[in-house]
Amino acid sequence: MIKIILKNLWRRPIRTGLTLVGLSLSAALMTCLLSFGQAYESAIRTDLDRMGMQMMLVPLGCPYDGAARALKGRTLDSSLPESALIIAQKDPAVSLAAPVYTAAIPRKGEKRTDMWVGLDDATIKMHSWWKFTPGSHGFDGPNSVILGSEAAATELRKPGDRLYSPETNRDFMVAGVLERSGTSDDSLFFIPLKTAQQMFGEPGRLTAISIRLKDPSPPEIAATAARLQKIPGAQVTTLTEMLGVFLNLIASAKTLVMAITVVALVVSLFSVFNTIMANVIERTRELAVMRAIGMSKLGLFNAMLMESVVVSVSGALCGILLAATGGGWMERAVHPYLPLAPSEGLQSVTLNAALSATTMIMLAGICAGLYPAWVASRLHPSAALRLDI
Amino acid sequence: MIRSRTAVFIVLACVAIFAAIKIRNAPSSEPVLVGSANVNPTGPAMVPWREPAKDMARFFPNASEYKLETVVLSRFRPEILRRMEPSYHMDSTAVYSYLILKNGSPVGRVIPRRISGIHGAIEIVVALDNNLTVRKVAIQRSREPENITNWLFADNFLSHYAGKDYQSDFDLTRMLSTTDSDAIKTAKVLSLGVKSIVVELTVALKNIAHKQGRK
């Protein structure tokens, strides 16, 4: 049976090929989207867990924007008073309160921006993923700087070298260079908190405070957040809230793209329908002969339906192959635009996503093949043979 | 029937390939600048040429376009190292050079390179004539403080590199009228950077030309 089906499909290679291309693209898109969604959620959870904090104190404004910028090492338009840090540190539920001051120096001629991040020992403790290159160590004075791997490569610096900031007229000694982490840390210049505040003329001001709790249970997080929310000039964003916001953002985008995928799928369906229907019309005489020599209506119905299933499953398989080979490229293209992009690459094809896409496309193929199969099964041998096709 | 179908298929494939080539080679927003394939722009030794139009107008006023060429150095490493100072650390296996063209004919080359200054990276841009002598040197990026930039990055100091070839003495510290140790160190680094470009390119291109001549 399969041999006959394949032979029939091969009679019109261009038509079958174009149908397969359409189905493959839909399947690839669907597989990538489903895989990205699953991988993004799990990667972002891992990233946030690795930070070992449960909430952030950010200046008044949009709390999610503030927290996202602080997490990505970007600047904020407003800042927090340092008194917020003292209040947070005194809170009985807080195990660690880590202040951050971030400032940007745009280098227009180079089309890049130097991001300077001021941190103290508590903040460094929270960067558990930091790994120093040989010869590196932590801050050993107010004018020491720790460079992310990319920053060090761009400036050709190694521990013990000097680094000058022409815009602020400050000379630093490179205390350490971080190993590549795949996070935004790679391109940052880390300096002691006080130095950063002085350098940018904002003594006593902070961009954000990361909070680690002694007991990270949901009721404790809620109770602490309610207490810290009362700090003047500050607002609290819990990581659970942030995760929810990010996933909602992704979900909205995913819905939109899914709609496009569904449209692509419908177009492909019509293409399958067209292919099978054209096959039925072209082969009316042949099908009539098959009926005349004893093939049952159900047999003919099954044969045509199988043709549709074979086309759709082949399209789905090609699509998965396409997603597996081109998914990495797509992931690299999309990664910079994801809010709080996870540090690790997103797996381009998961088994779940591949199975879901194949099932959906196969079901769609069955739907598309029902009518042509029904038409084929209703052919009357004598009437069909009289037709001048 | 099958033949006609195959013919249609071949025609469609040709059209698709032709369209893909056309799209790939479509002129950019700066039509005078010709890019080149076969180069990995993310390679470690690749330094962006930040202001090609401006530099071209300064270095080669009549040039109309440029294209990127990669000169592989691996085979010539021993000779390059022999011609350089012992302190020279050759960390690249290729020179990414921009061949400057005037009406399709080469008039020279521009090579940007990142060197390690005292206070951060310094990006130099070296323009070479067709005979691989230095035409001009410019600084496209640095973090150096004024006590260095005032002395070293001024045209009257950089102009001393003009006319130098791979056999010349590149030490220009005697040209400096300052005793600032940082300025002297940076001048040495700068000279080493310019010399390395000239030597690497000269050794590689001369060997390649010699080999092609024998063929």
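**Close-up views of chains A and B**

**View 1. Strand pairing around B:Lys102.** B:Lys102 stands opposite B:Ser105, a residue of strand S3 of chain B. The model shown here and in the other views is predicted. Strand S2 of chain B covers residues 94-102, and S3 of chain B covers residues 105-116. The two strands run antiparallel and are joined by 5 bridges.

**View 2. The open sheet of chain B.** This sheet has 5 strands in the order S1-S2-S3-S4-S5, with antiparallel pairing. Strands S1 (65-72) and S5 (134-141) of chain B stand at the edges. Each has a single partner strand, so one side of each is left without a neighbour in the sheet. On average, neighbouring strands of this sheet are turned by 25° against each other, direction ignored.

**View 3. A helix across the chain B sheet.** Helix H2 of chain B spans residues 52-59. H2 lies across S1, S2, S3, S4 (121-129) and S5 of chain B. Its direction is at about 150° to S5(B).

**View 4. The largest nonpolar core.** This core has 37 residues. Which residues have the most contacts inside it? They are B:Val134, B:Phe157, B:Tyr161 and B:Leu190. The elements giving two or more residues to the core are S3, S4, S5, H4 (146-152), H5 (155-158) and H6 (181-214) of chain B. H6(B) provides the largest share, 10 residues. Another core, of 35 residues, lies apart from this one. Among its members are A:Ala97, A:Ile191, A:Leu193 and A:Ile209.

**View 5. Surroundings of B:Phe157.** B:Phe157 is one of the residues with the most contacts inside the largest nonpolar core. Residues up to four places away in sequence are not counted in the contacts that follow. B:Phe157 touches B:Trp151, B:Leu152, B:Leu172 and B:Met175, and also B:Leu176, B:Ala187 and B:Leu190.

**View 6. The buried face of a chain A helix.** Helix H4 of chain A runs over residues 83-90. Its buried residues are A:Ala84, A:Leu85 and A:Ala88. Why do they line one face of the helix? Seen down the axis of H4(A), the buried residues fall within an arc of 100°, so they line one face. An α-helix has 3.6 residues a turn, so residues three or four places apart point the same way. The buried residues of H4(A) pack against strands S1 (55-59), S2 (80-81), S3 (94-107), S9 (205-206) and S10 (208-213) of chain A. They also pack against helix H8 (218-228) of chain A.

**View 7. The open sheet of chain A.** Here 9 strands follow the order S6-S7-S5-S8-S4-S3-S10-S1-S11, with mixed pairing. S6 (162-165) and S11 (234-238) of chain A are the edge strands, and each pairs on one side only. Neighbouring strands of this sheet are turned by 30° against each other on average, direction ignored. S1(A) and S10(A) run antiparallel and are joined by 3 bridges. A:Leu57 has A:Ile209 in S10(A) as its bridge partner.

**View 8. Two helices across the chain A sheet.** H8(A) lies across S1, S3, S10 and S11 of chain A, at about 20° to S1(A). Helix H9 of chain A, residues 239-282, lies across S1 and S11 of chain A. H9(A) runs at about 70° to S11(A).

**View 9. A:Thr238 in an edge strand.** A:Thr238 lies in strand S11 of chain A, one of the edge strands. Is this residue buried or exposed? A:Thr238 counts as buried because its relative accessibility is 8%, and buried means under 20%. Not counting residues up to four places away in sequence, A:Thr238 touches A:Gln54, A:Met55, A:Ile221 and A:Ala225.

Conventions:
Residues are numbered from 1 along each chain as its sequence is written. Chains are lettered from A and ligands numbered from 1 in the order in which they are written. This is a predicted model: local features need pLDDT of at least 70, side-chain atom pairs count only at pLDDT 80 or more; totals for chains, interfaces and linings use all residues. Side-chain values use heavy atoms; hydrogens and water are left out. Two strands pair if DSSP finds at least two bridges between them. Helices (H or I, at least four residues) and strands (E, at least two) are DSSP runs, numbered from the N terminus. Axes are lines fitted to C-alpha atoms, for helices over the stretch in contact, and angles run from 0 to 180 degrees between N-to-C directions. Contact means heavy atoms within 4.5 Å. A nonpolar core is a set of buried Ala, Val, Leu, Ile, Met, Phe, Trp, Tyr and Cys residues joined through side-chain atoms within 4.5 Å. Buried means under 20% relative accessible area, exposed over 50%, partly exposed in between (1.4 Å probe, protein chains only). The arc is that of the directions from the helix axis to the C-beta atoms.
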